[in-house]
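This report describes how the strands of one model are arranged and what packs against them. Please keep the sequence and the structure in view while reading.

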Amino acid sequence: MSELEQLHLDGGAGLGAAPQKASDDLAGLRMVEALLFASSEPLSLEELTLRLPEGADVLGLLEALQEMYAPRGVNVVRLAGKWCFRTAEDLSYLMHRNVEEQRKLSRAALETLAIIAYHQPVTRAEIEEIRGVSTSKGTLDVLLETTWIRMRGRRRTPGRPVTYGTTEQFLIHFGLENVKDLPGLEELKGAGLLDSAIPASFLVPIPSDDAALTEDEDPLEDGTLFDEETDETAGS
């Protein structure tokens, strides 16, 4: 049990050698706990630092709180670089009846989402090339509505097609701290999602959701967010 956890349990008593520090640590721990509990969205280290007294060891408090909650029914977790409370993974089955049923994605939407996650930044034409079939704009619209993907920029190629990437909400929804935590080749095979007899040349790309535009991307100009359908139709 950490010193801060002990402080939380005994209210700061029993550490007479440094009573003021013990009191400050307990107060900071309670503040972080309250902020995470009350927030409807995960909070970043910077956001927590702004709300706590100057000089507070926010990361240390978060790690202590994480250790304290590790064996409990709710855990302190880090998702997309931010911190929040989440139901313990082994108890998630209890929540199934209470979770509002979301609109189910079609197979085409799920395949498109997976391609965007692993191959971003990627254009609609590149998605179609990987899938081997055409991808309707409606499929991309559905994914944009979920807020799991976003329009990143425009590819520096004829027609200047829009490039797509995943969002912070994608990471939070799927319980990922970073897009690089997506399963790799061996994990996909182990889960039965890939045939164990796939060609040796088959590779699962290492995903990256770096917000910075790549060398072959231009930023989206104002007023062009909804020009994609016109551009791609003209080029087809």
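Which residue of E3 does Leu79 stand opposite? Leu79 stands opposite Lys82 in E3.

## Basis of the description

The model is predicted, with local features needing pLDDT of at least 70 and side-chain atom pairs counting only at pLDDT 80 or more, whereas totals for chains, interfaces and linings use all residues. Residues are numbered from 1 along each chain as its sequence is written, and side-chain values use heavy atoms, with hydrogens and water left out.

## The sheet

Three strands (DSSP runs of E, at least two residues, numbered from the N terminus) form an open antiparallel sheet in the order E1-E3-E2. E1 and E2 are the edge strands, each pairing on one side only; pairing here requires that DSSP finds at least two bridges between two strands.

E1 (residues 43-44) is joined to E3 (residues 82-87) by two bridges, and these strands run antiparallel; Leu43 has Trp83 as its bridge partner in E3. Six bridges join E2 (residues 74-79) to E3, again antiparallel, and Asn75 has Arg86 as its bridge partner in E3.

## The hairpin and the helix

Two residues lie between the strands in the hairpin of E2 and E3, where Ala80 takes a positive phi near 55°.

Helix H4 (residues 58-69) packs on the sheet and touches E2 and E3, where contact means heavy atoms within 4.5 Å and a helix is a DSSP run of H or I with at least four residues. The direction of H4 makes about 140° with that of E2, on axes fitted to C-alpha atoms, for helices over the stretch in contact, with angles running from 0 to 180 degrees between N-to-C directions.
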